[in-house]
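Reader: Can you walk me through this one before I set anything up? Start with the terms, then the details.

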Amino acid sequence: MTATTAPAPTVVNGIAQERRLVTAIPGPRSVELAARKAEAVAPAVGTTMPVYAEQAGGGVIVDVDGNHLVDLGSGIAVTTVGVSDARVVAAVQAQVAAFTHTCFMVTPYEGYVAVAEKLNALAPGDFAKRSALFNSGAEAVENAVKISRAYTGRSAVVVFDHAYHGRTNLTMAMTAKNMPYKHGFGPFAGEVYRAPLSYPYRDGGLSGADAAAQTISMIEAQVGAGNVACVVIEPIQGEGGFIEPAEGFLPAIQAWCRAHGVVFVADEVQTGFARTGDLFASNHEGLEPDLLVTAKGIAGGLPLSAVTGRAEIMDASHAGGLGGTYGGNPLACAAALAVIDAIESDDLVGRAKEIEALLGGRLRELAARDSRIGQVRGRGAMIAVELVKAGTTEPDAALAKAVAAAAHAQGVVVLTCGTYGNVLRFLPPLAISDALLEDAFSVLEQAFAGA
Ligand code: PLZ
(Lines give C-alpha, C1' and ligand atoms only; values in the text may rest on other atoms or scores of the structure.)
Protein backbone atom coordinates (compact mmCIF):
# COMPACT_ATOMS: atom_id res chain seq x y z
CA MET A 1 0.00 0.00 0.00
CA THR A 2 1.25 3.49 -0.80
CA ALA A 3 0.97 6.32 1.65
CA THR A 4 -1.28 9.20 0.70
CA THR A 5 0.44 12.55 0.74
CA ALA A 6 -2.29 14.69 2.30
CA PRO A 7 -4.52 13.48 5.13
CA ALA A 8 -8.01 12.94 3.72
CA PRO A 9 -10.82 14.97 5.31
CA THR A 10 -13.17 12.93 7.48
CA VAL A 11 -16.20 15.08 6.59
CA VAL A 12 -16.97 16.28 3.05
CA ASN A 13 -19.98 18.35 2.13
CA GLY A 14 -21.25 17.74 5.67
CA ILE A 15 -21.03 13.97 5.19
CA ALA A 16 -18.90 11.71 7.38
CA GLN A 17 -16.53 9.78 5.14
CA GLU A 18 -17.43 6.37 6.49
CA ARG A 19 -19.63 3.42 5.65
CA ARG A 20 -22.52 3.24 8.07
CA LEU A 21 -25.59 1.05 7.75
CA VAL A 22 -28.62 1.94 9.86
CA THR A 23 -31.20 -0.23 8.05
CA ALA A 24 -31.17 -3.26 5.78
CA ILE A 25 -30.26 -2.41 2.16
CA PRO A 26 -32.60 -1.27 0.72
CA GLY A 27 -34.17 0.48 3.71
CA PRO A 28 -37.91 1.15 4.12
CA ARG A 29 -37.95 4.57 2.42
CA SER A 30 -36.02 3.21 -0.55
CA VAL A 31 -38.47 0.31 -0.77
CA GLU A 32 -41.35 2.82 -0.88
CA LEU A 33 -39.63 4.81 -3.62
CA ALA A 34 -38.92 1.64 -5.59
CA ALA A 35 -42.64 0.87 -5.52
CA ARG A 36 -43.37 4.38 -6.87
CA LYS A 37 -40.71 3.89 -9.54
CA ALA A 38 -42.32 0.62 -10.60
CA GLU A 39 -45.59 2.50 -11.21
CA ALA A 40 -44.18 5.69 -12.71
CA VAL A 41 -40.96 4.92 -14.58
CA ALA A 42 -40.50 2.86 -17.71
CA PRO A 43 -39.17 -0.47 -16.47
CA ALA A 44 -36.56 -0.55 -19.25
CA VAL A 45 -34.68 2.11 -17.28
CA GLY A 46 -32.88 -0.10 -14.79
CA THR A 47 -31.02 0.62 -11.56
CA THR A 48 -27.90 -1.10 -10.20
CA MET A 49 -29.07 -0.79 -6.59
CA PRO A 50 -32.66 -0.05 -5.49
CA VAL A 51 -31.31 2.49 -3.02
CA TYR A 52 -32.41 6.11 -3.37
CA ALA A 53 -29.86 8.86 -2.86
CA GLU A 54 -30.51 11.87 -0.68
CA GLN A 55 -27.11 13.53 -0.34
CA ALA A 56 -23.53 12.83 -1.31
CA GLY A 57 -20.04 14.11 -0.72
CA GLY A 58 -16.49 12.92 -1.37
CA GLY A 59 -16.66 9.14 -1.63
CA VAL A 60 -19.92 8.63 0.23
CA ILE A 61 -23.56 8.54 -0.89
CA VAL A 62 -26.20 8.89 1.82
CA ASP A 63 -29.51 7.22 1.05
CA VAL A 64 -33.01 8.27 2.06
CA ASP A 65 -32.85 5.93 5.06
CA GLY A 66 -29.63 7.49 6.36
CA ASN A 67 -27.28 4.70 5.22
CA HIS A 68 -23.79 5.87 4.25
CA LEU A 69 -22.61 3.95 1.17
CA VAL A 70 -19.05 3.86 -0.13
CA ASP A 71 -19.05 4.96 -3.76
CA LEU A 72 -16.88 2.82 -6.05
CA GLY A 73 -18.85 3.85 -9.15
CA SER A 74 -18.80 7.67 -9.36
CA GLY A 75 -22.16 7.49 -11.16
CA ILE A 76 -20.33 5.56 -13.93
CA ALA A 77 -17.05 7.50 -13.93
CA VAL A 78 -18.60 10.96 -13.69
CA THR A 79 -17.90 12.44 -10.25
CA THR A 80 -14.15 12.21 -10.64
CA VAL A 81 -13.46 15.22 -8.41
CA GLY A 82 -15.75 13.81 -5.73
CA VAL A 83 -19.52 13.88 -5.42
CA SER A 84 -20.67 17.48 -5.01
CA ASP A 85 -17.21 19.03 -4.78
CA ALA A 86 -17.63 22.40 -3.03
CA ARG A 87 -15.84 24.33 -5.82
CA VAL A 88 -18.09 22.82 -8.47
CA VAL A 89 -21.18 23.55 -6.38
CA ALA A 90 -20.11 27.19 -5.89
CA ALA A 91 -19.39 27.70 -9.60
CA VAL A 92 -22.76 26.27 -10.61
CA GLN A 93 -24.59 28.29 -7.94
CA ALA A 94 -23.02 31.52 -9.21
CA GLN A 95 -23.92 30.65 -12.79
CA VAL A 96 -27.48 29.60 -12.02
CA ALA A 97 -28.01 32.95 -10.31
CA ALA A 98 -26.57 34.82 -13.34
CA PHE A 99 -28.45 32.97 -16.10
CA THR A 100 -29.47 29.37 -16.69
CA HIS A 101 -29.60 29.37 -20.47
CA THR A 102 -29.55 31.60 -23.48
CA CYS A 103 -28.54 28.96 -26.06
CA PHE A 104 -24.99 29.33 -27.35
CA MET A 105 -26.35 29.36 -30.91
CA VAL A 106 -28.51 32.41 -30.09
CA THR A 107 -26.64 34.69 -27.67
CA PRO A 108 -23.34 33.04 -26.77
CA TYR A 109 -21.45 33.36 -23.48
CA GLU A 110 -17.87 33.19 -22.23
CA GLY A 111 -18.08 29.88 -20.32
CA TYR A 112 -18.46 27.85 -23.50
CA VAL A 113 -15.49 29.57 -25.13
CA ALA A 114 -13.39 29.12 -21.98
CA VAL A 115 -14.17 25.38 -21.85
CA ALA A 116 -13.21 25.05 -25.53
CA GLU A 117 -9.92 26.90 -24.86
CA LYS A 118 -9.13 24.59 -21.94
CA LEU A 119 -9.93 21.45 -23.93
CA ASN A 120 -7.82 22.61 -26.87
CA ALA A 121 -4.88 23.25 -24.54
CA LEU A 122 -5.23 19.97 -22.61
CA ALA A 123 -6.01 17.49 -25.41
CA PRO A 124 -2.93 15.60 -26.58
CA GLY A 125 -1.12 16.92 -29.65
CA ASP A 126 0.82 20.09 -30.33
CA PHE A 127 -1.35 21.39 -33.15
CA ALA A 128 -4.14 23.94 -33.59
CA LYS A 129 -7.41 22.58 -32.22
CA ARG A 130 -11.05 23.51 -31.88
CA SER A 131 -13.86 22.13 -29.75
CA ALA A 132 -17.63 21.81 -29.98
CA LEU A 133 -19.77 21.07 -26.93
CA PHE A 134 -22.75 18.75 -26.56
CA ASN A 135 -24.77 17.12 -23.77
CA SER A 136 -24.07 13.39 -23.62
CA GLY A 137 -21.30 11.02 -24.56
CA ALA A 138 -23.40 9.45 -27.29
CA GLU A 139 -24.21 12.83 -28.80
CA ALA A 140 -20.53 13.75 -28.92
CA VAL A 141 -19.62 10.40 -30.54
CA GLU A 142 -22.31 11.04 -33.19
CA ASN A 143 -20.84 14.46 -33.83
CA ALA A 144 -17.32 13.05 -34.14
CA VAL A 145 -18.66 10.80 -36.91
CA LYS A 146 -20.41 13.74 -38.62
CA ILE A 147 -17.23 15.82 -38.45
CA SER A 148 -15.10 12.95 -39.81
CA ARG A 149 -17.48 12.35 -42.70
CA ALA A 150 -17.66 16.03 -43.62
CA TYR A 151 -13.85 16.27 -43.57
CA THR A 152 -13.07 13.09 -45.51
CA GLY A 153 -16.07 12.91 -47.82
CA ARG A 154 -16.18 9.19 -46.92
CA SER A 155 -18.85 7.30 -45.02
CA ALA A 156 -17.50 4.15 -43.35
CA VAL A 157 -17.00 4.06 -39.59
CA VAL A 158 -14.78 1.38 -38.07
CA VAL A 159 -15.40 0.30 -34.47
CA PHE A 160 -14.22 -2.66 -32.40
CA ASP A 161 -15.35 -5.82 -30.74
CA HIS A 162 -16.55 -5.10 -27.17
CA ALA A 163 -16.98 -1.39 -27.95
CA TYR A 164 -19.49 0.84 -26.20
CA HIS A 165 -20.34 4.22 -27.68
CA GLY A 166 -23.92 4.93 -26.59
CA ARG A 167 -27.63 4.22 -26.99
CA THR A 168 -28.71 6.52 -29.85
CA ASN A 169 -29.32 4.90 -33.23
CA LEU A 170 -25.87 5.53 -34.70
CA THR A 171 -24.09 4.77 -31.42
CA MET A 172 -26.14 1.58 -30.90
CA ALA A 173 -24.79 0.49 -34.27
CA MET A 174 -21.30 1.30 -32.98
CA THR A 175 -21.82 -0.49 -29.65
CA ALA A 176 -20.99 -4.20 -29.75
CA LYS A 177 -23.14 -5.84 -27.10
CA ASN A 178 -26.68 -6.90 -27.96
CA MET A 179 -28.24 -7.21 -24.50
CA PRO A 180 -29.34 -4.85 -23.10
CA TYR A 181 -28.26 -2.10 -25.48
CA LYS A 182 -29.52 -3.14 -28.92
CA HIS A 183 -31.92 -6.06 -28.68
CA GLY A 184 -35.13 -5.32 -30.61
CA PHE A 185 -34.14 -1.69 -31.24
CA GLY A 186 -32.89 -2.01 -34.84
CA PRO A 187 -32.55 -1.45 -37.72
CA PHE A 188 -29.33 0.36 -36.97
CA ALA A 189 -27.43 3.02 -38.89
CA GLY A 190 -25.44 1.67 -41.82
CA GLU A 191 -21.77 1.93 -42.79
CA VAL A 192 -20.54 0.81 -39.37
CA TYR A 193 -17.94 -1.99 -39.49
CA ARG A 194 -16.63 -3.95 -36.52
CA ALA A 195 -12.97 -4.94 -36.33
CA PRO A 196 -11.16 -7.24 -33.89
CA LEU A 197 -9.60 -5.69 -30.79
CA SER A 198 -6.44 -6.60 -28.96
CA TYR A 199 -7.71 -8.35 -25.80
CA PRO A 200 -4.63 -9.91 -24.22
CA TYR A 201 -6.54 -12.08 -21.73
CA ARG A 202 -8.63 -13.69 -24.47
CA ASP A 203 -6.62 -13.50 -27.71
CA GLY A 204 -3.79 -15.76 -26.64
CA GLY A 205 -1.61 -12.79 -25.74
CA LEU A 206 -1.08 -11.52 -29.29
CA SER A 207 1.40 -8.66 -29.34
CA GLY A 208 -0.04 -5.21 -30.02
CA ALA A 209 1.67 -5.18 -33.43
CA ASP A 210 0.28 -8.60 -34.43
CA ALA A 211 -3.22 -7.76 -33.23
CA ALA A 212 -3.10 -4.45 -35.13
CA ALA A 213 -1.92 -6.22 -38.30
CA GLN A 214 -4.95 -8.54 -38.07
CA THR A 215 -7.29 -5.62 -37.53
CA ILE A 216 -5.83 -3.61 -40.39
CA SER A 217 -5.99 -6.52 -42.78
CA MET A 218 -9.67 -7.00 -41.91
CA ILE A 219 -10.39 -3.30 -42.52
CA GLU A 220 -8.53 -3.27 -45.81
CA ALA A 221 -10.15 -6.47 -47.07
CA GLN A 222 -13.71 -5.86 -45.90
CA VAL A 223 -14.12 -2.08 -45.92
CA GLY A 224 -11.30 -0.57 -48.00
CA ALA A 225 -9.06 2.14 -46.57
CA GLY A 226 -10.34 4.70 -49.08
CA ASN A 227 -13.92 4.32 -47.81
CA VAL A 228 -13.14 4.85 -44.13
CA ALA A 229 -14.05 8.23 -42.64
CA CYS A 230 -12.94 7.35 -39.12
CA VAL A 231 -11.79 4.67 -36.74
CA VAL A 232 -13.40 5.15 -33.32
CA ILE A 233 -11.84 3.44 -30.32
CA GLU A 234 -11.90 3.60 -26.52
CA PRO A 235 -8.21 3.54 -25.45
CA ILE A 236 -9.33 1.36 -22.54
CA GLN A 237 -12.72 -0.13 -23.22
CA GLY A 238 -15.25 0.75 -20.54
CA GLU A 239 -18.56 -1.10 -20.67
CA GLY A 240 -16.84 -3.87 -22.67
CA GLY A 241 -14.82 -4.89 -19.61
CA PHE A 242 -11.97 -2.43 -18.98
CA ILE A 243 -9.99 -4.06 -21.75
CA GLU A 244 -6.51 -2.60 -22.25
CA PRO A 245 -5.15 -3.44 -25.68
CA ALA A 246 -1.59 -4.82 -25.76
CA GLU A 247 1.10 -2.17 -25.94
CA GLY A 248 1.64 -0.95 -29.47
CA PHE A 249 -1.87 -1.77 -30.70
CA LEU A 250 -3.26 1.75 -30.45
CA PRO A 251 -0.19 3.51 -31.93
CA ALA A 252 -0.24 1.06 -34.88
CA ILE A 253 -3.93 1.77 -35.56
CA GLN A 254 -3.28 5.52 -35.29
CA ALA A 255 -0.33 5.25 -37.72
CA TRP A 256 -2.46 3.31 -40.22
CA CYS A 257 -5.15 6.01 -39.98
CA ARG A 258 -2.58 8.74 -40.66
CA ALA A 259 -1.19 6.87 -43.67
CA HIS A 260 -4.66 6.50 -45.23
CA GLY A 261 -6.30 9.84 -44.50
CA VAL A 262 -8.61 8.24 -41.91
CA VAL A 263 -9.66 10.30 -38.89
CA PHE A 264 -8.48 8.61 -35.68
CA VAL A 265 -11.09 9.21 -32.97
CA ALA A 266 -10.44 8.40 -29.30
CA ASP A 267 -13.65 7.91 -27.33
CA GLU A 268 -12.45 9.00 -23.89
CA VAL A 269 -15.93 9.44 -22.48
CA GLN A 270 -15.13 6.97 -19.67
CA THR A 271 -11.31 7.17 -19.55
CA GLY A 272 -10.91 10.96 -19.66
CA PHE A 273 -10.08 13.60 -17.08
CA ALA A 274 -7.50 11.98 -14.80
CA ARG A 275 -9.42 8.74 -14.34
CA THR A 276 -6.63 6.48 -15.65
CA GLY A 277 -3.68 8.23 -13.99
CA ASP A 278 -3.10 10.40 -17.04
CA LEU A 279 -5.22 13.38 -17.95
CA PHE A 280 -6.37 11.29 -20.93
CA ALA A 281 -5.75 7.58 -21.52
CA SER A 282 -4.36 8.58 -24.94
CA ASN A 283 -1.39 10.19 -23.15
CA HIS A 284 -0.23 6.76 -21.96
CA GLU A 285 1.24 5.68 -25.30
CA GLY A 286 1.67 9.19 -26.67
CA LEU A 287 -1.37 9.02 -28.94
CA GLU A 288 -2.50 12.23 -30.60
CA PRO A 289 -6.07 11.53 -31.64
CA ASP A 290 -7.35 13.63 -34.53
CA LEU A 291 -10.60 13.91 -32.58
CA LEU A 292 -10.94 13.39 -28.83
CA VAL A 293 -14.42 12.70 -27.45
CA THR A 294 -14.99 13.56 -23.78
CA ALA A 295 -17.97 13.62 -21.40
CA LYS A 296 -18.70 12.14 -17.94
CA GLY A 297 -15.80 13.34 -15.73
CA ILE A 298 -15.60 16.69 -17.53
CA ALA A 299 -18.28 18.48 -15.51
CA GLY A 300 -18.74 16.76 -12.13
CA GLY A 301 -22.18 15.42 -12.96
CA LEU A 302 -23.65 18.20 -15.04
CA PRO A 303 -24.41 17.01 -18.56
CA LEU A 304 -21.61 18.09 -20.87
CA SER A 305 -19.64 16.43 -23.64
CA ALA A 306 -17.18 17.61 -26.23
CA VAL A 307 -15.40 16.87 -29.47
CA THR A 308 -11.92 18.39 -29.56
CA GLY A 309 -9.76 18.02 -32.61
CA ARG A 310 -7.40 19.21 -35.28
CA ALA A 311 -8.49 22.61 -36.54
CA GLU A 312 -8.50 21.56 -40.20
CA ILE A 313 -10.83 18.64 -39.44
CA MET A 314 -13.12 20.64 -37.15
CA ASP A 315 -13.26 23.48 -39.70
CA ALA A 316 -14.52 21.23 -42.51
CA SER A 317 -18.17 21.13 -41.34
CA HIS A 318 -20.29 23.97 -42.75
CA ALA A 319 -21.39 26.88 -40.54
CA GLY A 320 -24.51 25.97 -38.56
CA GLY A 321 -23.93 22.25 -39.17
CA LEU A 322 -23.13 21.42 -35.55
CA GLY A 323 -24.99 22.39 -32.39
CA GLY A 324 -28.13 21.76 -30.34
CA THR A 325 -30.34 23.70 -27.93
CA TYR A 326 -28.46 22.75 -24.76
CA GLY A 327 -24.99 21.89 -26.03
CA GLY A 328 -22.45 23.63 -23.77
CA ASN A 329 -25.14 24.77 -21.34
CA PRO A 330 -23.76 27.57 -19.11
CA LEU A 331 -24.24 25.60 -15.87
CA ALA A 332 -22.35 22.63 -17.29
CA CYS A 333 -19.57 24.91 -18.57
CA ALA A 334 -19.21 26.59 -15.16
CA ALA A 335 -18.96 23.13 -13.60
CA ALA A 336 -16.38 21.98 -16.16
CA LEU A 337 -14.12 24.97 -15.53
CA ALA A 338 -14.23 24.25 -11.79
CA VAL A 339 -13.59 20.54 -12.37
CA ILE A 340 -10.57 21.20 -14.59
CA ASP A 341 -9.13 23.58 -11.97
CA ALA A 342 -9.72 21.01 -9.24
CA ILE A 343 -8.02 18.26 -11.24
CA GLU A 344 -4.97 20.48 -11.55
CA SER A 345 -4.88 21.94 -8.06
CA ASP A 346 -5.58 18.62 -6.28
CA ASP A 347 -3.18 16.68 -8.58
CA LEU A 348 -5.92 14.16 -9.27
CA VAL A 349 -3.76 12.52 -11.95
CA GLY A 350 -1.33 11.64 -9.15
CA ARG A 351 -4.19 10.60 -6.89
CA ALA A 352 -5.48 8.20 -9.56
CA LYS A 353 -2.05 6.53 -9.58
CA GLU A 354 -2.15 6.18 -5.78
CA ILE A 355 -5.59 4.57 -6.04
CA GLU A 356 -4.21 2.17 -8.65
CA ALA A 357 -1.40 1.19 -6.29
CA LEU A 358 -3.73 0.71 -3.32
CA LEU A 359 -6.80 -0.92 -4.86
CA GLY A 360 -4.98 -2.63 -7.72
CA GLY A 361 -2.43 -3.96 -5.21
CA ARG A 362 -5.11 -5.35 -2.92
CA LEU A 363 -6.98 -6.93 -5.85
CA ARG A 364 -3.78 -8.55 -7.13
CA GLU A 365 -3.13 -10.04 -3.69
CA LEU A 366 -6.67 -11.39 -3.71
CA ALA A 367 -6.28 -12.76 -7.25
CA ALA A 368 -3.14 -14.62 -6.17
CA ARG A 369 -5.21 -16.60 -3.65
CA ASP A 370 -8.48 -16.86 -5.64
CA SER A 371 -8.32 -18.50 -9.06
CA ARG A 372 -11.81 -17.25 -9.91
CA ILE A 373 -10.15 -13.88 -10.57
CA GLY A 374 -8.81 -14.45 -14.07
CA GLN A 375 -7.23 -11.04 -14.46
CA VAL A 376 -6.87 -7.73 -12.64
CA ARG A 377 -6.52 -4.89 -15.11
CA GLY A 378 -7.04 -1.21 -15.81
CA ARG A 379 -5.10 1.89 -14.93
CA GLY A 380 -5.45 4.58 -12.29
CA ALA A 381 -8.87 4.61 -10.70
CA MET A 382 -10.32 2.54 -13.55
CA ILE A 383 -9.66 -0.99 -12.33
CA ALA A 384 -11.51 -4.24 -12.92
CA VAL A 385 -11.36 -7.94 -12.23
CA GLU A 386 -12.48 -10.43 -14.86
CA LEU A 387 -14.13 -13.39 -13.17
CA VAL A 388 -13.99 -16.95 -14.49
CA LYS A 389 -14.81 -20.49 -13.41
CA ALA A 390 -11.83 -21.47 -11.22
CA GLY A 391 -8.90 -22.77 -13.21
CA THR A 392 -10.45 -21.91 -16.62
CA THR A 393 -11.03 -18.79 -18.69
CA GLU A 394 -14.77 -19.48 -18.91
CA PRO A 395 -16.60 -16.25 -17.97
CA ASP A 396 -18.53 -16.39 -14.70
CA ALA A 397 -21.24 -13.72 -14.83
CA ALA A 398 -23.13 -15.32 -11.93
CA LEU A 399 -20.12 -14.82 -9.66
CA ALA A 400 -19.81 -11.15 -10.67
CA LYS A 401 -23.48 -10.69 -9.89
CA ALA A 402 -23.22 -12.48 -6.55
CA VAL A 403 -20.16 -10.52 -5.40
CA ALA A 404 -21.74 -7.23 -6.48
CA ALA A 405 -24.99 -8.08 -4.67
CA ALA A 406 -23.10 -9.00 -1.49
CA ALA A 407 -21.12 -5.73 -1.65
CA HIS A 408 -24.31 -3.75 -2.23
CA ALA A 409 -25.93 -5.37 0.82
CA GLN A 410 -22.95 -4.17 2.88
CA GLY A 411 -23.19 -0.60 1.56
CA VAL A 412 -20.53 -0.63 -1.17
CA VAL A 413 -21.59 0.64 -4.59
CA VAL A 414 -19.86 -1.47 -7.25
CA LEU A 415 -20.70 -1.94 -10.90
CA THR A 416 -20.33 -4.85 -13.28
CA CYS A 417 -19.52 -4.71 -17.00
CA GLY A 418 -18.08 -6.78 -19.81
CA THR A 419 -19.39 -8.37 -22.96
CA TYR A 420 -19.92 -11.57 -20.92
CA GLY A 421 -21.15 -9.72 -17.80
CA ASN A 422 -18.29 -11.22 -15.78
CA VAL A 423 -16.28 -8.12 -14.91
CA LEU A 424 -16.48 -6.21 -11.63
CA ARG A 425 -15.28 -2.67 -12.14
CA PHE A 426 -14.11 -0.03 -9.73
CA LEU A 427 -14.39 3.66 -10.56
CA PRO A 428 -14.11 5.49 -7.24
CA PRO A 429 -14.18 9.26 -7.11
CA LEU A 430 -10.56 10.42 -7.03
CA ALA A 431 -11.42 12.37 -3.87
CA ILE A 432 -12.12 9.14 -1.96
CA SER A 433 -9.95 8.51 1.11
CA ASP A 434 -7.60 5.54 1.52
CA ALA A 435 -9.60 4.55 4.60
CA LEU A 436 -12.80 4.23 2.55
CA LEU A 437 -10.99 2.25 -0.14
CA GLU A 438 -9.54 -0.14 2.44
CA ASP A 439 -12.95 -0.57 4.03
CA ALA A 440 -14.64 -1.19 0.67
CA PHE A 441 -11.94 -3.70 -0.24
CA SER A 442 -12.51 -5.65 2.98
CA VAL A 443 -16.22 -5.85 2.07
CA LEU A 444 -15.28 -7.15 -1.39
CA GLU A 445 -12.91 -9.69 0.12
CA GLN A 446 -15.72 -11.03 2.32
CA ALA A 447 -18.08 -11.00 -0.65
CA PHE A 448 -15.66 -13.20 -2.60
CA ALA A 449 -15.22 -15.49 0.39
CA GLY A 450 -18.98 -15.92 0.71
CA ALA A 451 -19.80 -16.31 -3.00
N1 PLZ B 1 -18.64 6.21 -24.87
C2 PLZ B 1 -16.78 5.02 -23.83
O3 PLZ B 1 -18.51 4.73 -21.61
C4 PLZ B 1 -21.19 5.77 -21.49
C5 PLZ B 1 -23.23 3.90 -20.22
C6 PLZ B 1 -24.19 3.47 -19.22
P7 PLZ B 1 -23.60 8.82 -22.53
N8 PLZ B 1 -20.97 4.68 -20.63
C9 PLZ B 1 -21.98 4.43 -19.62
C10 PLZ B 1 -25.44 2.96 -19.85
O11 PLZ B 1 -25.76 1.79 -19.60
O12 PLZ B 1 -26.13 3.72 -20.55
C13 PLZ B 1 -20.28 5.93 -22.68
C14 PLZ B 1 -18.97 5.41 -22.67
C15 PLZ B 1 -18.17 5.55 -23.81
C16 PLZ B 1 -19.86 6.73 -24.90
C17 PLZ B 1 -20.71 6.62 -23.82
C18 PLZ B 1 -22.07 7.24 -23.90
O19 PLZ B 1 -22.17 8.30 -23.01
O20 PLZ B 1 -23.30 10.09 -21.81
O21 PLZ B 1 -24.18 7.74 -21.65
O22 PLZ B 1 -24.40 9.03 -23.77
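Author: A residue is called buried under 20% relative accessible area, exposed over 50% and partly exposed in between, using a 1.4 Å probe and protein chains only. This is a predicted model, so local features need pLDDT of at least 70 and side-chain atom pairs count only at pLDDT 80 or more, while totals for chains, interfaces and linings use all residues. Residues are numbered from 1 along each chain as its sequence is written, and side-chain values use heavy atoms, with hydrogens and water left out.

Reader: OK, backbone oddities then. What's the phi of Ser-74?

Author: Ser-74 has a positive phi of about 50°, although it isn't a glycine. Ser-74 sits in helix 2 (residues 74-77); helices here are DSSP runs of H or I with at least four residues, strands are runs of E with at least two, and both are numbered from the N terminus.

Reader: And is Ser-74 buried or exposed?

Author: Ser-74 has 0% relative accessibility, so it counts as buried. Helix 2 also holds Ile-76, another non-glycine with positive phi, near 65°. Ile-76 is at 34% relative accessibility, so that one is partly exposed.

Reader: Which peptide bonds to Pro-26 and Pro-180 should I look at?

Author: Ile-25 to Pro-26 is cis, with omega about -5°. Pro-26 is in the loop between strand 2 (15-16) and helix 1 (28-40). Met-179 to Pro-180 is cis too, with omega near 0°, and Pro-180 lies in the loop between helix 6 (169-174) and strand 8 (192-195).

Reader: Switching to the ligand. How many residues surround it?

Author: There are 15 residues around the ligand, and the closest are Gly-137, Ala-138, Arg-167, Asp-267 and Gln-270. A residue is near if one of its heavy atoms lies within 4 Å of the molecule.

Reader: What's the split of that shell into nonpolar, polar and charged?

Author: It divides into 5 nonpolar, 5 polar and 5 charged. Ala, Val, Leu, Ile, Met, Phe, Trp, Tyr, Cys and Pro count as nonpolar, Asp, Glu, Lys and Arg as charged, and the others, Gly among them, as polar.

Reader: Which side chains have a polar atom by a ligand nitrogen?

Author: Asp-267 has a polar side-chain atom 2.7 Å from a ligand nitrogen. For Lys-296, an N or O atom of the side chain is 3.2 Å from a ligand nitrogen, and for Glu-239 the distance from a polar side-chain atom is 3.3 Å. Taken alone the ligand exposes 510 Å², and the protein buries 82% of that; accessible areas come from the Shrake-Rupley method with a 1.4 Å probe, and for residues only the protein chains shown count as cover.

Reader: What does the side chain of Ser-131 contact?

Author: Ser-131 is in strand 6 (residues 129-134) and is buried, at 15% relative accessible area. The Ser-131 side chain makes polar contacts with the side chains of Asn-120, at 2.7 Å, and Thr-308, at 2.8 Å. A polar contact is a pair of N or O atoms within 3.5 Å; within protein, one must be able to donate a hydrogen and the other to accept it, and residues adjacent in sequence count only if both atoms are side-chain atoms.

Reader: Last one: which residues of helix 7 are buried?

Author: Gly-208, Ala-211, Ala-212, Thr-215, Ile-216, Met-218 and Ile-219 are. Seen down the axis of helix 7, these buried residues fall within an arc of 155°, so they line one face; the arc is that of the directions from the helix axis to the C-beta atoms. On the other side of helix 7, Ala-209 and Ala-221 are exposed.
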